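Hello,

Here is the structure I promised to pass on to you. Please open it alongside this email, and I will walk you through what I found.

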Amino acid sequence: MKRASATLQKSQSKPSQKRNSSHILFVDDNKINLLITKKNIESLSLACDTVDNGHDAIQKITTKKYSLILMDLNMPDIDGFETTQEIKKLQPSIPIVAHTVLSNDEVATKCSEAGMYDILTKPMQKVKLKRILKMLLILESN
């Protein structure tokens, strides 16, 4: 996955109706979070797949190419840190962004050590989600 240019420019034109080719994988064990965040991502003209556990996330990346993964940290069985480490073994260049209720220096350090790019705190606000997506993907202003 090629990262978007660091010099993204904001478009002043009308939003395009054309769908962006980026595919996002959203991983969270909470069904409500899955539904709301999927809807928010798709409202930005991006494709979004969801899974509710780390094992399915690892399986999913072996069958489909994703531009970005949004990863819950606290999941049963295999947490977001371990899931990220396993994904990075298979696809080291894929950007993974944590989303969690907790956001302190210890969590930030663990996320970085696991190979995550950034952290979004819950509840995930659409404006913050859009900022991260703009940094990591070529995303038109909506």
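To begin with one residue: in which strand is the place of T100? T100 sits in strand β4, which covers residues 96-100. Please keep in mind as you read that this is a predicted model.

**The chain as a whole**

The chain holds 5 helices and 5 strands. Starting at the N terminus, you will meet these elements in the order β-α-β-α-β-α-β-α-β-α. The chain has 142 residues, and 44% of them count as buried. About 8100 Å² of the chain is exposed, with carbon and sulfur atoms supplying 51% of that area. If you take the contacts between residues at least 6 apart in sequence, 65% of them join residues at least 24 apart.

**The sheet**

How are the strands ordered in the sheet? The 5 strands form an open sheet with parallel pairing, and the order is β2-β1-β3-β4-β5. At its edges are β2 (47-51) and β5 (118-121), each of which pairs on one side only. On average, neighbouring strands of this sheet are turned by 25° against each other, direction ignored.

Two of the pairings are worth tracing on your screen. β1 and β2 pair in the parallel sense over 5 bridges, and I24 has C48 in β2 as its bridge partner. β4 and β5 also pair in the parallel sense, over 4 bridges; here H99 has L120 in β5 as its bridge partner.

Is β1 largely enclosed or largely open? Of its 5 residues, 4 are buried, so β1 is largely enclosed by the rest of the structure.

**Helices on the sheet**

Two helices show how the layers meet. Helix α1 (residues 31-42) lies across β1 (23-27), β2 and β3 (68-72), and its direction is at about 165° to β2. Helix α3 (residues 80-90) lies across β3 and β4, running at about 155° to β3.

**Two residues of β4**

Now back to T100. Its relative accessibility is 1%, so T100 counts as buried, the cut-off being under 20%. Leaving aside residues up to four places away in sequence, T100 touches L73, N74, V107, I119, L120, T121 and K122.

I96 is found in strand β4 too. Its relative accessibility is 0%, and I96 therefore counts as buried. Which residues does I96 touch, not counting those up to four places away in sequence? They are I69, M71, T84, I87, K88, M116, Y117 and D118. You may also like to find A114: it is 18 residues from I96 in sequence, and the two are 9.7 Å apart in space, C-alpha to C-alpha.

**Rings**

How many aromatic pairs does a search of the whole structure find? The count is 0. There is still a ring to look at, though: K110 lies over the face of F81, at 4.4 Å from the ring centre.

That is the tour. If you would like a place to start, try β4 with T100 and I96, then follow the pairing of β4 with β5.

Best wishes

Terms used:
Residues numbered from 1 in each chain as written. Predicted model: local features only at pLDDT ≥ 70, side-chain atom pairs only at ≥ 80, totals over all residues. Heavy atoms only, no water. Helix = DSSP H or I, 4+ residues; strand = E, 2+ residues; numbered from the N terminus. Buried < 20%, exposed > 50% of the residue type's maximum accessible area, 1.4 Å probe, protein only. Contact = heavy atoms within 4.5 Å. Phe/Tyr/Trp six-rings, centres within 6.5 Å; stacked < 30°, edge-to-face > 60°. Lys NZ or Arg CZ within 6 Å of the ring centre and 35° of its normal. Pairing = 2+ DSSP bridges. Axes fitted to C-alpha atoms, helices over the stretch in contact; angles between N-to-C directions. Areas by Shrake-Rupley, 256 points an atom, 1.4 Å probe, with all protein chains shown as cover.
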